[in-house]
Amino acid sequence: MTDKVLIYSRFPKSMMARFAERFELLDTGGKPAREVFPAEELNGIRALLTAGGTPFGAEAMDLFPKLGAIVCYGTGYDGVDLKAAASRNIAVGHSPGANAASVADIAMTLMLATTRRILVADQYVRSGDWAASKQSPMMRPQAGMPGRRIGVYGMGEIGRKIAARCAAFESEVGYFSRTKYDLPYQYFPSLEALADWCSVLMIAVRAGAETQHVVNADILKRLGADGYVVNISRGSVIDEKALVAALTDKTIAGAGLDVFEKEPHAPDALTALPNVVLAPHIGGHTLDSHVAMQNCVLTNLTAFFEGKPLPYRVKSA
């Protein structure tokens, strides 16, 4: 008998193809499960696949009385109530580090596109202003990467790869993390101290209650008029209203964002600004990353149905 897995979040069918070869999938298409499948079928669900950012709390867990495993597609698991899962003996799994290289690459792309004003330059060529020798204040020379101070907030798998890439660009690298590691980068005791020091703040911290809006108006002010912020973690880490204000009044020079507070909706106030580069949460969206994440999902689900511990279990769950 084929093991059943409920697909709780909305995923492209192409991303689920490998799982369908091994399991019987009950795909909700992102709709409430009880609107799609009868209660008697859901009552027997033992394993569930979700996107890490999709809210999944105690009330939702109680809809599946036999649930034993929540497996997140990707590194993040901030949408899952870990305490509620632990109290119900539900194991939570994810794909640690599977997309770290791809996300780090997007962080670098956003930083370079923002600091070198690539979108403005692109439009300068397309509009014919370059050919017409039309002057533009946005085309003034900008600081390069050698000697630039890059602050990395969060030194997990992604943060380390960002730091290594920045160092290869001959930049100075500093970081703030809950833990001080034996790394060849300057450690700062607080986010405030890091923001005071750096000219580009790279946000690679894990999302959660303790990081909600932690990058606020004060942190942005500390970056200064020549400072930039790049966020590839979760939109909740930045106070979006404070960011819009800082960009509008030139408290900071610019921002590169792959994540937003209420996806897939980026605030109109952000999309209207010329000093912002926006991407639709594509940090881990590469072929190799998806294969790696799917491998972790398959390994977790297979182990669960074989009665074994999840190999990629969330450590705090």
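A residue is called buried when its relative accessible area is under 20%. With that in hand, here are some close-ups of this predicted model.

**View 1. Q294, a buried residue of helix α13.** Q294 sits in helix α13. Its relative accessibility is 7%, so Q294 counts as buried. Leaving aside residues up to four places away in sequence, Q294 touches M15, R18, F19 and Y73. Three of these names, M15, R18 and F19, return in View 3 as residues of α1.

**View 2. Helix α13 and the elements packed around its buried residues.** Helix α13 runs over residues 287–305, 19 residues in total. From first C-alpha to last, α13 reaches 27 Å, close to the 27 Å expected at 1.5 Å a residue. Follow the helix along and you will meet its buried residues: S289, H290, M293, Q294, C296, V297, L298, N300, L301, A303, F304 and F305. Their packing partners include the strands β1 (4–7), β3 (47–51), β4 (69–73) and β5 (91–93). The helices α1 (13–20) and α6 (100–115) also pack against the buried residues of α13. Just past the end of α13, look for G307, which takes a positive phi of about 80 degrees.

**View 3. Helix α1 crossing helix α13.** Two packed helices are described by the angle between their axes and the distance between the axes. Here the axes of α1 and α13 come within 10 Å and cross at roughly 40 degrees. That angle makes α1 oblique to α13. The crossing of α1 and α13 is right-handed. On the α1 side, the contact is made by M15, R18 and F19; on the α13 side, by H290, V291, Q294, N295, V297 and L298. By type, the residues of this contact divide into five nonpolar, three polar and one charged.

**View 4. Helix α6 crossing helix α8.** Now for another helix pair, α6 with helix α8 (residues 157–168). The axes of α6 and α8 come within 8 Å and cross at roughly 50 degrees, which makes α6 oblique to α8. The crossing of α6 and α8 is right-handed. From α6, the residues to find are A100, A101, V103, A104, D105, A107, M108 and M111. They meet E157, I158, K161, I162, R165 and C166 in α8. The residues of the contact of α6 with α8 divide into ten nonpolar, no polar and four charged.

Definitions and conventions:
Residues are numbered from 1 along each chain as its sequence is written. This is a predicted model: local features need pLDDT of at least 70, side-chain atom pairs count only at pLDDT 80 or more; totals for chains, interfaces and linings use all residues. Side-chain values use heavy atoms; hydrogens and water are left out. Helices (H or I, at least four residues) and strands (E, at least two) are DSSP runs, numbered from the N terminus. The expected span of a helix is 1.5 Å times one less than its number of residues. Buried means under 20% relative accessible area, exposed over 50%, partly exposed in between (1.4 Å probe, protein chains only). Contact means heavy atoms within 4.5 Å. Axes are lines fitted to C-alpha atoms, for helices over the stretch in contact, and angles run from 0 to 180 degrees between N-to-C directions. Angles under 35 degrees count as roughly parallel, over 145 as roughly antiparallel, 65 to 115 as roughly perpendicular and the rest as oblique. A crossing is left-handed if the near helix is turned anticlockwise from the far one by less than a right angle, and right-handed if clockwise. Ala, Val, Leu, Ile, Met, Phe, Trp, Tyr, Cys and Pro count as nonpolar, Asp, Glu, Lys and Arg as charged, and the others, Gly among them, as polar.
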